[in-house]
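Trainee: I would love a close look at one part of this protein. Could you walk me through the pocket and its surroundings?

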Amino acid sequence: NEGIMSSMAWHGLDGSAYIAQDGISLGNQSDARTKIGTQKWISLFGQGYEAWTEWRRTKIPALSPVIEADPQIGQIPSRYYYPTTEPSFNSANYEAASSSIGGDLLTSPLIWQ
C-alpha cells in the first residue's frame with residue numbers, strides 16, 4: 001500500500017480512494033504476486049521500455065497484442081532485432097548468436113525464458 005501511495009503522490013494524486021477499491025488489498029498470499037506485479041507495472045506508466053521489460057520478466061499483467069498487430073508475429077514482441085550492422089561487421093558471431101535463440105526474430109526467447 002505504501003508503494004501505491006508513493007507512486008500516486010509522485011504523480012500528484014491521492015491514492016486513498018484507489019487503495020480502498022475491492023481487489024487491491026493483499027488479503028491472502030495466493031494472488032499477492034499477481035497484484036504486486038500489476039501494481040509495479042502500473043507504476044511504470046510513462047516509462048514504456050521499463051514497463052515492457054518488467055512485463056517480459058514476469059508476464060504480469062496478462063496482456064494481449066494490440067488489435068492491429070502484425071499477424072505474422074501473433075504475440076507481443078519479446079526482444080528487439082540485432083542491429084542491422086551486425087550481420088555485416090560480425091557475421092560469424094551474429095550467426096552463432098541468432099541460431100542459438102532460434103533466429104533473429106522479435107519472438108525469439110530471451111535468455112531467461
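How do the residues of the lining of the largest pocket divide into nonpolar, polar and charged?

Mentor: Happy to. Please keep in mind that this is a predicted model. The lining of the largest pocket divides into nine nonpolar, eight polar and two charged residues. The pocket itself has a volume of about 350 Å³. Of the 19 residues that line this pocket, Gly-3, Ile-4, Tyr-18, Gln-39 and Lys-40 are the closest to its centre. Two elements give two or more residues each to the lining: helix H1, which spans 2-10, and helix H3, which spans 32-43. Of these, H3 is the one to follow from here, as H3 gives the most to the lining, with six residues.

Let us stay with H3 and turn to its partner, helix H4, made of residues 48-58. The axes of H3 and H4 come within 10 Å and cross at roughly 165°. An angle over 145 degrees counts as roughly antiparallel, and H3 and H4 are therefore roughly antiparallel to each other. Their crossing is left-handed. If you would like to find the contact on your screen, look on the H3 side for Arg-33, Lys-40 and Trp-41. These meet Ala-51, Glu-54, Trp-55, Arg-57 and Thr-58 in H4. By class, the contact of H3 with H4 has three nonpolar, one polar and four charged residues. Notice Lys-40 in particular: Lys-40 is among the residues closest to the centre of the largest pocket, and Lys-40 also takes part in the contact of H3 with H4.

Now carry on along the chain to the loop between H4 and helix H5 (86-89), where Pro-61 is found. Lys-59 lies in this loop as well. Here is some background for the backbone: most residues other than glycine have a negative phi, and most peptide bonds are trans. Lys-59 has a positive phi of about 60°, although it is not a glycine. A little further on, the peptide bond from Ile-60 to Pro-61 is cis, with omega near 0°.

How values were computed
Residues are numbered from 1 along each chain as its sequence is written. This is a predicted model: local features need pLDDT of at least 70, side-chain atom pairs count only at pLDDT 80 or more; totals for chains, interfaces and linings use all residues. Side-chain values use heavy atoms; hydrogens and water are left out. On a 1 Å grid over the protein atoms alone, a cavity is a set of points where a 1.4 Å probe fits but cannot get out, and a pocket is an open set with protein on both sides within 12 Å along at least five of seven lines; lining residues have an atom within 4 Å of a point. Grid points are joined across faces, edges and corners, and a volume is the space filled by probe spheres set on the points. Helices (H or I, at least four residues) and strands (E, at least two) are DSSP runs, numbered from the N terminus. Ala, Val, Leu, Ile, Met, Phe, Trp, Tyr, Cys and Pro count as nonpolar, Asp, Glu, Lys and Arg as charged, and the others, Gly among them, as polar. Axes are lines fitted to C-alpha atoms, for helices over the stretch in contact, and angles run from 0 to 180 degrees between N-to-C directions. Angles under 35 degrees count as roughly parallel, over 145 as roughly antiparallel, 65 to 115 as roughly perpendicular and the rest as oblique. A crossing is left-handed if the near helix is turned anticlockwise from the far one by less than a right angle, and right-handed if clockwise. Contact means heavy atoms within 4.5 Å.
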